[in-house]
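Ready for some practice with a protein model? Work through each exercise on your own, then check the steps below it.

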Amino acid sequence: MKKFVLAAAIASTLFLAGCSDKVDESTITNVVQTSQYEQPNLGITAKTTPFAVKNLKITKVLLDTKTDYKAEVSYDLVANKSLDEFKSSMKALAAKPQTPAAKTTDTTADTAKDDMTSALHTLKNNLAAEVMVVAFSAKYGDFKAGQTVDTVNEAVSMKKVNDQWVKD
């Protein structure tokens, strides 16, 4: 029972921290990570992204209101996995077949359409995977897991939408 109460207290604290009006380094880290290094439409999620934003520091606050925030920040971009591991994970993701939409009838035309949709989906995923691997390789070289591949200095603009901070 004590573990459940403790877990509930921690979850409530984290939830309330995420909805806070105060912007801090943790909030900016989450926004930068999700907006720049995760691309769910390409299969790059929190679990598959090759990079993590670490050691983010706010160097200068440029605007701070209840709904808008802008600051200059610096952070290390650290590889979660090697380029080879990322390439393998993207190939595995691209190889997953698309689940066809539910059919109302089972006709040859529907089957052909589903086959074409699946083939196009596979082609799109394979191309996206290759483009991401080539782009990351060109920008960061043959990176290894745990390696700091870049130190980034940038201005981050955010807006509060539905009680969540998002990149502007």
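**Exercise 1. Count the salt bridges and say which residues form them.**

Step 1: Start with the rule: a salt bridge is a side-chain nitrogen of Lys or Arg within 4 Å of a carboxyl oxygen of Asp or Glu. Side chains of opposite charge can pair when their charged atoms come close.

Step 2: Apply it, and the count comes to 2 salt bridges. A quick note on what you're looking at: this is a predicted model, where local features need pLDDT of at least 70, side-chain atom pairs count only at pLDDT 80 or more, and totals for chains, interfaces and linings use all residues. Residues are numbered from 1 along each chain as its sequence is written, and side-chain values use heavy atoms, leaving out hydrogens and water.

Step 3: Asp68 pairs with Lys159, with the closest N and O atoms 2.8 Å apart. This bridge links distant parts of the chain, since Asp68 sits in strand β2 and Lys159 in strand β3, 91 residues apart. Helices (H or I, at least four residues) and strands (E, at least two) are DSSP runs, numbered from the N terminus.

Step 4: Lys144 pairs with Asp142, and here the closest N and O atoms are 3.2 Å apart.

Step 5: How covered are these residues? Use relative accessible area: buried is under 20%, exposed is over 50%, and partly exposed is in between (1.4 Å probe, protein chains only). Lys159 has 34%, so it counts as partly exposed. Lys144, at 42%, is partly exposed, and Asp142 is partly exposed at 48%.

**Exercise 2. Describe the largest nonpolar core and say which element gives the most to it.**

Step 1: A nonpolar core is a set of buried Ala, Val, Leu, Ile, Met, Phe, Trp, Tyr and Cys residues joined through side-chain atoms within 4.5 Å.

Step 2: The largest one has 30 residues, and Ile28, Tyr37, Phe51, Tyr75, Phe143 and Met158 touch the most other members.

Step 3: At least two residues each come from α2 (25-36), β1 (51-64), β2 (68-79), α3 (83-95), α4 and β3 (148-161). The top giver is β2, with 6 residues.

Step 4: Zoom in on Ile28. Leaving out residues up to four places away in sequence, Ile28 touches Val23, Leu56, Ile58, Tyr69, Val73, Val156 and Met158; contact means heavy atoms within 4.5 Å.

**Exercise 3. Check the length of helix α2 and find what its buried residues pack against.**

Step 1: The expected span is 1.5 Å times one less than the number of residues. For the 12 residues of α2 that should be 16 Å, and the end C-alpha atoms are 16 Å apart, so the two agree.

Step 2: The buried residues of α2 are Thr27, Ile28, Thr29, Val31, Val32 and Gln33. Buried residues of this helix pack against β1, β2, β3 and β4 (164-167).

**Exercise 4. Place Asn80 and list what it touches.**

Step 1: Look in the loop between β2 and α3, and you'll find Asn80. Asn80 is partly exposed, with a relative accessible area of 38%.

Step 2: Not counting residues up to four places away in sequence, Asn80 touches Thr49, Pro50, Phe51, Ala52 and Ala145.

Step 3: Now try a distance. The C-alpha atoms of Asn80 and Thr48 are separated by 8.9 Å, and these residues are 32 apart along the chain.
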